[in-house]
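Biologist: Got a minute for the ligand site and the empty spaces in this one? Show me the structure before we start.

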Amino acid sequence: MEKIYLDYAATTYVRDEVLEEMLPYFKEGFGNPSSLYESGRRAAGVLDAARKSMAKSLGAASKNEIHFTACGTESDNWALRGIMEANAKKGKHLVTTAAEHHAVLHAAGHLETLGYEVTVLPVDEYGAVSAEQVKNALRADTVLVSVIYANNEVGTVNPIREIGRVVREAGVLFHTDAVQAAGSIPLDVQKDWIDLLSLSAHKFYGPKGVGALYVREGVKIAPLLYGGAQERKRRAGTENVPEIAGMAKALLLAVQEMDEEMRRISLLRDYMMEKVRECLPRAVVNGHGTHRLPNNVNISLKGIESEAALLSLDMAGIECSSGSACTSGSLEPSHVLLAMGKPPEEVRSALRFTLGKTTTKEQIDRVLGQLKELHCRADRLEEC
Ligand SMILES: *Cc1c(COP(=O)(O)O)cnc(C)c1O
């Protein structure tokens with residue numbers, strides 16, 4: 001039986017062109033970019049090319065604004081902690097939203113224990129915040145606003161450009177967790193008024209364990225890691241040269257193929273959502289109808305617990321998620337769906353399908369068939 005992978009928001013495979021890009025730097029080109037001799041200089045050249053390429057892919061003004069990290073989680077932690085620490089003279093107030101990834105929420109929680117003040121904005125029924133809401137939360141001592149670009153659970157895309165604008169106008173710094181957005185939907189750090197942006201390679205067909213933080217020129221940020229002078233003394237640690245080369249290649253390809261891929265995947269997404277609405281009376285579709293990632297379908301199958309559904313889908317060779325990967329497997333309900341005001345029954349029965357490069361209409365039809373079976377089983381249980 002053919003396996004069906006529908007959890008591309010959790011992670012992607014490494015595409016062939018990216019793997020090929022990385023391979024030379026594991027053995028022949030293994031030099032340390034900080035070494036002054038020839039092989040070191042060559043490795044430094046690889047980093048330079050990757051930085052330039054990624055700056056261009058993100059619309060950044062300079063390659064010096066791209067900083068390599070070990071993952072999206074590190075980028076988020078660094079943005080929040082590094083900015084609040086470096087700008088403590090201005091104030092200790094941070095604004096974020098209730099539908100952030102745990103990498104942002106838990107970093108904000110840690111800052112609270114250190115005496116910082118955090119305003120967590122409530123989200124609407126789709127998981128979004130408005131520019132108006134953000135503007136009203138700003139104070140004289142607000143240092144940073146952090147709003148997720150596109151939600152990893154329900155796929156809702158925030159009005160980032162409008163938010164960025166009001167935050168910039170107020171003279172406050174703006175960070176966005178763009179881990180789900182980068183490589184999936186168009187974004188531009190300058191046009192979107194972004195000061196800091198987090199991304200992670202394994203969400204766009206690059207390798208795991210490498211990410212980046214864009215920091216706009218002139219923004220003061222304290223290091224998270226102390227040690228050597230890498231990344232202009234902002235992030236110590238020998239750079240992951242092969243994976244950085246792979247990440248830059250993966251982002252470039254994603255940007256080049258974006259229009260076509262968005263069209264193809266959003267058609268499949270819309271087909272799946274339409275069929276769900278048509279054939280599954282117990283189903284509720286979560287997230288925004290149009291301001292939504294092209295590959296995300298999130299539904300609640302009322303009366304069927306997520307875990308039972310996941311197990312039964314897994315037995316049928318279908319891999320999906322109950323929400324974020326970090327909370328599936330534990331019984332913790334999704335903080336995003338709760339923040340959206342979903343009733344407990346819908347929170348308990350949420351399923352996230354995230355489509356990708358290998359997804360076909362035939363696969364979607366097979367999944368719909370399995371969901372229908374689950375549905376009938378629940379109906380029969382209720383009858384007796
Ligand atoms: C996956 C993800 C992260 C964490 O990235 P890692 O590289 O896995 O640490 C952060 N934010 C969002 C929105 C994500 O989807």
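Modeller: Terms up front: a polar contact here is a pair of N or O atoms within 3.5 Å. Also, this is a predicted model.

Biologist: Fine. How far is the side chain of Ser 200 from an oxygen atom of the ligand?

Modeller: An N or O atom in the Ser 200 side chain sits 2.6 Å from a ligand oxygen. That is within 3.5 Å, so the pair is a polar contact.

Biologist: And Lys 203, what's its distance to a ligand oxygen?

Modeller: 2.8 Å, again from an N or O atom of the side chain.

Biologist: Which atom of the ligand does Asp 177 approach?

Modeller: A nitrogen atom. A polar side-chain atom of Asp 177 lies 2.7 Å from that nitrogen.

Biologist: How much of the ligand does the protein bury?

Modeller: The protein buries 89% of the 380 Å² that the ligand exposes when taken alone.

Biologist: How many residues surround the ligand?

Modeller: There are 13, with Thr 73, Asp 177, Gln 180, Ser 200 and Lys 203 the closest. By class, the shell has 7 polar, 3 charged and 3 nonpolar residues.

Biologist: Which helix gives the largest share of that shell?

Modeller: Helix H3, residues 72-86, with 3 residues.

Biologist: Switching to pockets. What's the volume of the largest one?

Modeller: About 440 Å³. Its lining counts 25 residues. Nearest the centre are Val 157, Asn 158, Pro 159, His 291 and Arg 292.

Biologist: Why does the largest pocket lie between domain 1 and domain 2?

Modeller: Because both domains give residues to its lining: domain 1 (4-12 + 258-383) and domain 2 (16-256).

Biologist: Which helices supply at least two residues each to that lining?

Modeller: Helix H6 (160-169) and helix H9 (258-279) both do. The pocket lining divides into 11 nonpolar, 7 polar and 7 charged residues.

Biologist: Now closed spaces. How many cavities of 30 Å³ or more?

Modeller: The count is 1. The largest cavity has a volume of about 290 Å³. It is lined by 20 residues, and Gly 183, Ser 184, Tyr 205, Glu 261 and Ile 265 are closest to its centre.

Biologist: What's the class split of the cavity lining?

Modeller: 10 nonpolar, 5 polar and 5 charged.

Biologist: Where does that lining come from?

Modeller: Domain 1 and domain 2 each provide at least three of the cavity's lining residues. H9 gives the largest share, 4 residues.

Key: Residues numbered from 1 in each chain as written. Predicted model: local features only at pLDDT ≥ 70, side-chain atom pairs only at ≥ 80, totals over all residues. Heavy atoms only, no water. Near = heavy atom within 4 Å. Polar contact = N/O pair within 3.5 Å; in protein donor to acceptor, adjacent residues only side chain to side chain. Areas by Shrake-Rupley, 256 points an atom, 1.4 Å probe, with all protein chains shown as cover. Nonpolar A, V, L, I, M, F, W, Y, C, P; charged D, E, K, R; others polar. 1 Å grid on protein atoms, 1.4 Å probe; cavity = no way out; pocket = protein on both sides within 12 Å on 5 of 7 lines; lining within 4 Å. Points joined across faces, edges and corners; volume = space filled by probe spheres on them. Domains from an automatic or database assignment.
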